Amino acid sequence: MNKERETSPKYSREFSDRLRDLRNKNKISAREMSIALGQNVNYINLIENGKRFPSLQGFFAICDYLKITPSIFFDSENFVSEYFETAKQAENEKKELVNFLENLTNEQISSILNLIKVFKTQQ
């Protein structure tokens with residue numbers, strides 16, 4: 001397997017989410033965009049679901065259709081950094097919670113677990 005195939009899934013979600021976000025901001029359906037790009041009606045859905053990546057030429061066509069440059073698509077200030085910061089914060093909070101739980105008694109852990117179950121049933 002070549003290196004490109006090994007690393008591409010790492011960025012699939014970010015790419016898909018960014019495309020969906022830009023498309024929705026422009027109030028364009030995935031079907032409408034697929035057809036306008038001269039592709040199968042499921043083309044954009046496949047990309048947004050991480051099942052397919054556009055070719056470089058296809059990516060440029062998507063940018064042209066959305067009237068943005070490739071650099072705007074990958075604008076880290078507006079999208080990628082927010083995505084990674086949110087994920088990093090959630091990971092740090094999980095670690096903090098685990099560290100906190102390690103110092104509790106079994107009785108305290110049981111009480112917290114019961115509280116979590118109450119919250120879960122209220123959703």
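Reading the aromatic pairs and the buried side of helix 4

Author: A search of the whole structure, which is a predicted model, finds eight aromatic pairs.

Reader: Why is the pair of Phe15 and Phe59 called tilted?

Author: A pair of aromatic rings is described by the distance of the centres and the angle of the planes. For Phe15 and Phe59 the ring centres are 5.9 Å apart, which is within the 6.5 Å that a pair requires, and the planes stand at 50°, which is neither under 30 degrees nor over 60, so the pair is tilted.

Reader: What makes this pair a tie between separate parts of the sequence?

Author: Phe15 lies in helix 1 and Phe59 lies in helix 4, so the pair ties together parts that are 44 residues apart in sequence.

Reader: How do you know whether Phe15 and Phe59 are buried or exposed?

Author: Buried means under 20% relative accessible area. Phe15 has 10% relative accessibility and therefore counts as buried, and Phe59, at 7%, counts as buried as well.

Reader: Why is the pair of Phe73 and Phe74 called edge-to-face?

Author: The centres of the Phe73 and Phe74 rings are 5.0 Å apart and the angle between their planes is 75°; because an angle over 60 degrees counts as edge-to-face, the pair takes that name. As for their surroundings, Phe73 is buried, with a relative accessible area of 1%, whereas Phe74, at 45%, counts as partly exposed, because that value lies between the 20% and 50% limits.

Reader: Which residues form one aromatic cluster?

Author: The cluster is formed by Phe15, Phe53, Phe59, Phe60, Phe73 and Phe74. Looking at Phe73 in particular, and leaving aside its neighbours within four places in sequence, one finds that Phe73 is in contact with Phe15, Arg18, Leu19, Leu22, Phe59, Cys63 and Ile68.

Reader: Which residues touch the most other members of the largest nonpolar core?

Author: That core has 16 residues, and those that touch the most other members are Leu19, Met33, Ile44, Ile47, Ile62, Leu66 and Phe73. Two or more residues are given to this core by each of helix 1 (3–25), helix 2 (30–36), helix 3 (43–48) and helix 4 (56–66), and helix 4 gives the most, with four residues. In soluble globular proteins, nonpolar side chains tend to be buried together.

Reader: How do you know that the buried residues of helix 4 are on the same side?

Author: The buried residues in helix 4 are Gly58, Phe59, Ile62, Cys63 and Leu66. They cover an arc of only 140° around the axis, which puts them on the same side of helix 4. On the other side of helix 4, Gln57 and Asp64 are exposed.

Reader: Why does Glu48 count as buried?

Author: Glu48 has 6% relative accessibility, and because this is under 20%, Glu48 counts as buried. Its place is in helix 3, and, not counting residues up to four places away in sequence, Glu48 touches Ser16, Leu19, Arg20 and Arg23.

Reader: What makes Asn45 partly exposed?

Author: Asn45, which is found in helix 3, has 33% relative accessibility, and since buried residues are under 20% and exposed residues over 50%, Asn45 counts as partly exposed. Between Asn45 and Ser29 there are 9.6 Å in space, C-alpha to C-alpha, while the two are 16 residues apart in sequence.

Reader: What is the phi of Lys27, and what is the phi of Lys67?

Author: Most residues other than glycine have a negative phi, and most peptide bonds are trans. Lys27, although it is not a glycine, has a positive phi of about 55°, and the phi of Lys67 is near 60°, again a positive value in a residue other than glycine. Lys27 has its place in the loop between helix 1 and helix 2, while Lys67 is found in the loop between helix 4 and helix 5 (70–73).

Reader: Why are Lys27 and Lys67 called exposed?

Author: Exposed means over 50% relative accessible area. Lys27 has 75% and is therefore exposed, and Lys67, with 74%, is exposed too.

Reader: How many helices and how many strands does the protein have?

Author: The secondary structure comes to seven helices and zero strands. Of the 123 residues of the protein, 22% count as buried.

Notes: Residues numbered from 1 in each chain as written. Predicted model: local features only at pLDDT ≥ 70, side-chain atom pairs only at ≥ 80, totals over all residues. Heavy atoms only, no water. Core = buried A, V, L, I, M, F, W, Y, C linked by side-chain atoms within 4.5 Å. Buried < 20%, exposed > 50% of the residue type's maximum accessible area, 1.4 Å probe, protein only. Contact = heavy atoms within 4.5 Å. Phe/Tyr/Trp six-rings, centres within 6.5 Å; stacked < 30°, edge-to-face > 60°. Arc of directions from axis to C-beta.
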